[in-house]
Amino acid sequence: MSDEGGAGEPLSDSQKREIAVWFLSNAPAGEIHYVAKDVRALLGDDAVYEAAAAEAFPEYNKAHLVPLELPDRSGDIIIATYGELDRNNYLDPRTAQVATIDHIKQTCTKLRPAADEELPSAYIEEFRSALDVELSKYVAESYPKGVCAVYCTSGKDIEGPGADFGFAVVISAAKRSPQNFCNGSWRSIWTMDFNYELQFVDIKGKIQVDAHYFEEGNVQLDTNINCKDSTIMQVS
């Protein structure tokens, strides 16, 4: 914040919005609505709050890989950059559907079949779905209430062997227990780049773990771990 105007000068609406966005964006995992309630009360200005919320909630939801139940109850969609078609529409690659998201309410409001151009080719989908099946088994065994997705990140229009392609594997899991004054989340993203000529897969991962304990105090853990590996794989 600028010191222009001297101490004690009232904040402008723009400054208030920036401060509100910061608090909303930095809310602990799963607690943005609690923070939003307090921010709104402190601002005392619905217009400023709504402008801040409209900016902060979409970025928060993507950063925290927030999972939402699909309206037809066919599964959950993860709010992730990899599935973002526009500000409010996200692809669920497993069900080949596009969900319209209300970021502030954190709900899916509409669902439609994905268009052909929004989906990978049949050749790439074979690899994507095979990876998704194995990932789903792993997540079901290892992460209580975990949600996962596999997105094609490059080469989605490839029709057959001979070119490189890539996937992003996303895992989101959370433990919510506000009645016991604790919440936490696990988020991991793994990028897999397939090199056809070398028959080689380059793997990079980022794991983010958050925990918040707030009984008679306020203690937060926020840790990030980066990983990388590679393997040989025959793609035909």
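Start by selecting helix α1 (residues 13-25) and helix α2 (residues 32-43). In this predicted model, the axes of α1 and α2 come within 9 Å and cross at roughly 160°. An angle over 145 degrees counts as roughly antiparallel, so that is the label for α1 and α2. Their crossing is right-handed. Now show the side chains where they touch: on the α1 side pick Lys16, Ala20, Phe23 and Leu24, and on the α2 side pick Ile32, Val35, Ala36, Val39 and Leu43. Colour that contact by class and you get eight nonpolar residues, no polar ones and one charged.

**Next stop: α2 against α3**

Keep α2 on screen and add helix α3, residues 46-63. The axes of α2 and α3 come within 10 Å, and they too cross at roughly 160°. That makes α2 and α3 roughly antiparallel to each other, with a right-handed crossing. To see the contact, select Ile32, His33, Ala36, Val39, Arg40 and Leu43 on α2, then Asp46, Val48, Tyr49, Glu50, Phe57 and Tyr60 on α3. By class, the contact of α2 with α3 holds eight nonpolar residues, one polar and three charged.

**Then: α1 against α3**

Hide α2 for a moment and bring α1 back beside α3. What angle do α1 and α3 pack at, and how far apart are their axes? The angle is about 35°, and the axes are 8 Å apart. The crossing of α1 and α3 is right-handed. On α1, the residues to click are Asp13, Lys16, Arg17, Ala20, Val21, Leu24 and Ser25; on α3, go for Val48, Ala51, Ala52, Ala53, Glu55, Ala56, Phe57 and Tyr60. This contact of α1 with α3 has 10 nonpolar residues, one polar and four charged.

While you're here, try a few residues that turn up twice on the tour. Leu24 of α1 is in the contact with α2 and also in the contact with α3. Phe57 and Tyr60 of α3 take part in the contact with α2 as well as the one with α1.

**Zoom out: the whole chain**

Switch to a cartoon view of everything. You should find four helices and 10 strands. Walking along the sequence, the pattern reads α-α-α-β-β-β-β-β-α-β-β-β-β-β. If you'd like a sense of scale, the C-alpha trace spans about 70 × 40 × 35 Å along its principal axes.

**On to the largest pocket**

Turn on a surface and select Pro144, Lys145, Ala173, Ala174 and Lys175. Of the 17 residues that line the largest pocket, these lie nearest its centre. The pocket's volume is about 390 Å³. For the elements that give two or more residues to the lining, highlight β1 (67-69), β7 (165-177), β8 (182-195) and β9 (200-213). Which of them gives the most? Strand β7 does, with five residues. Colour the lining of the largest pocket by class and you'll see nine nonpolar, three polar and five charged residues.

**Last stop: the second largest pocket**

This one has a volume of about 300 Å³. Select Ala27, His64, Arg187, Asp210 and Asp222, the closest to its centre among the 18 residues that line the second largest pocket. Two or more lining residues come from each of α3, β8, β9 and β10 (219-232). Helix α3, then, which you met in the contacts with α2 and α1, returns here as part of a pocket lining. Strands β8 and β9 are back as well, since you highlighted them for the largest pocket. The largest share of the lining of the second largest pocket is from β9, with four residues. By class, the lining of the second largest pocket has seven nonpolar, seven polar and four charged residues.

Conventions:
Residues are numbered from 1 along each chain as its sequence is written. This is a predicted model: local features need pLDDT of at least 70, side-chain atom pairs count only at pLDDT 80 or more; totals for chains, interfaces and linings use all residues. Side-chain values use heavy atoms; hydrogens and water are left out. Axes are lines fitted to C-alpha atoms, for helices over the stretch in contact, and angles run from 0 to 180 degrees between N-to-C directions. Angles under 35 degrees count as roughly parallel, over 145 as roughly antiparallel, 65 to 115 as roughly perpendicular and the rest as oblique. A crossing is left-handed if the near helix is turned anticlockwise from the far one by less than a right angle, and right-handed if clockwise. Contact means heavy atoms within 4.5 Å. Ala, Val, Leu, Ile, Met, Phe, Trp, Tyr, Cys and Pro count as nonpolar, Asp, Glu, Lys and Arg as charged, and the others, Gly among them, as polar. On a 1 Å grid over the protein atoms alone, a cavity is a set of points where a 1.4 Å probe fits but cannot get out, and a pocket is an open set with protein on both sides within 12 Å along at least five of seven lines; lining residues have an atom within 4 Å of a point. Grid points are joined across faces, edges and corners, and a volume is the space filled by probe spheres set on the points.
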